Amino acid sequence: QAAIDKLRNTQAKAYMESLAPKPRKPLEVLFGDADPLALNLLNWLLNFDPDERPTALRALNHPYFNEFRQLGYGAEGQPLDMSEFA
């Protein structure tokens, strides 16, 4: 309810309050074979309250991305060929 109270748009707030409470299905149940760190990150990113969601930089510092740290934040790759998008 605290996150809904933060909504500025009165129509959005009224709509959210009109919905019946529904228990959240754990991502571990929906994606049982997924990496637990990936599920932890996804739970964090999907937080309804924007004050509770991470910034992009904080998300990139999540342990799920530890194996990619050696690439560095300034890693560069080859540009994609524009024909890939035709």
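Trainee: Where does Asn47 lie in this predicted model?
Mentor: Good place to start, since this residue will come up again. Two helices frame the stretch that holds Asn47, namely helix 4 and helix 5. In this predicted model, Asn47 sits in the loop between helix 4 and helix 5.

Trainee: Is Asn47 buried, partly exposed or exposed?
Mentor: Its relative accessible area is 26%. Buried would need a value under 20% and exposed one over 50%. Asn47 therefore counts as partly exposed.

Trainee: Which residues does Asn47 touch, leaving out those up to four places away in sequence?
Mentor: Leaving out those sequence neighbours, two names come up for Asn47. They are Glu52 and Arg53.

Trainee: What does the side chain of Asn47 reach at 3.2 Å?
Mentor: Here the partner is a backbone atom. A polar contact asks for N or O atoms within 3.5 Å, and the side chain of Asn47 comes to 3.2 Å from its partner. That partner is the backbone nitrogen of Asp49.

Trainee: Where is Asp49 placed, then?
Mentor: Look at the helices on either side: helix 4 covers 36-45 and helix 5 covers 56-60. Asp49 is in the loop between helix 4 and helix 5.

Trainee: Is Asp49 buried or exposed?
Mentor: The relative accessibility of Asp49 is 8%. Because the limit for buried is under 20%, the class follows directly. Asp49 counts as buried.

Trainee: Which side chain makes a polar contact with the side chain of Asp49?
Mentor: Start from what Asp49 touches beyond four places in sequence: Ala3 and Lys6. The polar contact between side chains has a distance of 2.8 Å. The partner of Asp49 in that contact is Lys6.

Trainee: How far apart are the C-alpha atoms of Asn47 and Ala3?
Mentor: Along the chain, Asn47 and Ala3 are 44 residues apart. In space, their C-alpha atoms are separated by 9.7 Å.

Trainee: How much space lies in the largest pocket?
Mentor: Let's first see what surrounds it. The lining includes Gln1, Ala3, Ile4 and Phe48, and by class it has seven nonpolar residues, one polar and one charged. The space in the largest pocket is about 210 Å³.

Trainee: And how much space lies in the second largest pocket?
Mentor: Asn47 returns here, as one of the lining residues along with Met16, Lys22, Arg24, Leu46 and Phe48. That lining divides into three nonpolar, one polar and two charged residues. The space in the second largest pocket is about 170 Å³.

Trainee: Moving along the chain, is His62 buried or exposed?
Mentor: His62 lies in the segment after helix 5. Beyond four places in sequence, His62 touches Leu37, Asn40, Leu41, Trp44 and Arg69. With a relative accessible area of 6%, His62 is buried.

Trainee: Which backbone nitrogen lies 2.9 Å from a polar atom of the side chain of His62?
Mentor: This one pairs a side chain with a backbone atom. At 2.9 Å from the side-chain polar atom of His62, the backbone nitrogen is that of Tyr64.

Trainee: How are the rings of Tyr64 and Phe65 arranged?
Mentor: The count of aromatic pairs comes to one. In that pair, Tyr64 and Phe65 are 5.3 Å apart centre to centre, with 75° between the planes. Since planes over 60 degrees apart set the class, the arrangement of Tyr64 and Phe65 is edge-to-face.

Trainee: Are Tyr64 and Phe65 buried, partly exposed or exposed?
Mentor: Tyr64 has 27% relative accessibility, while Phe65 has 22%. Tyr64 is classed as partly exposed, and Phe65 is also partly exposed.

Trainee: How far is Ala38 from Phe65 in space, C-alpha to C-alpha?
Mentor: Ala38 is found in helix 4 and, at 22% relative accessibility, is partly exposed. In sequence, Ala38 and Phe65 are 27 residues apart. C-alpha to C-alpha, the distance is 9.0 Å.

Trainee: And how far is Pro36 from Glu52 in space?
Mentor: Pro36 lies in helix 4 and counts as exposed at 63% relative accessibility. Pro36 and Glu52 are 16 residues apart in sequence. Their C-alpha to C-alpha distance is 20 Å.

Notes:
Residues are numbered from 1 along each chain as its sequence is written. This is a predicted model: local features need pLDDT of at least 70, side-chain atom pairs count only at pLDDT 80 or more; totals for chains, interfaces and linings use all residues. Side-chain values use heavy atoms; hydrogens and water are left out. On a 1 Å grid over the protein atoms alone, a cavity is a set of points where a 1.4 Å probe fits but cannot get out, and a pocket is an open set with protein on both sides within 12 Å along at least five of seven lines; lining residues have an atom within 4 Å of a point. Grid points are joined across faces, edges and corners, and a volume is the space filled by probe spheres set on the points. Ala, Val, Leu, Ile, Met, Phe, Trp, Tyr, Cys and Pro count as nonpolar, Asp, Glu, Lys and Arg as charged, and the others, Gly among them, as polar. Rings of Phe, Tyr and Trp (its six-membered ring) pair if their centres lie within 6.5 Å; planes under 30 degrees apart count as stacked, over 60 as edge-to-face and the rest as tilted. Buried means under 20% relative accessible area, exposed over 50%, partly exposed in between (1.4 Å probe, protein chains only). Helices (H or I, at least four residues) and strands (E, at least two) are DSSP runs, numbered from the N terminus. A polar contact is a pair of N or O atoms within 3.5 Å; within protein, one must be able to donate a hydrogen and the other to accept it, and residues adjacent in sequence count only if both atoms are side-chain atoms. Contact means heavy atoms within 4.5 Å.
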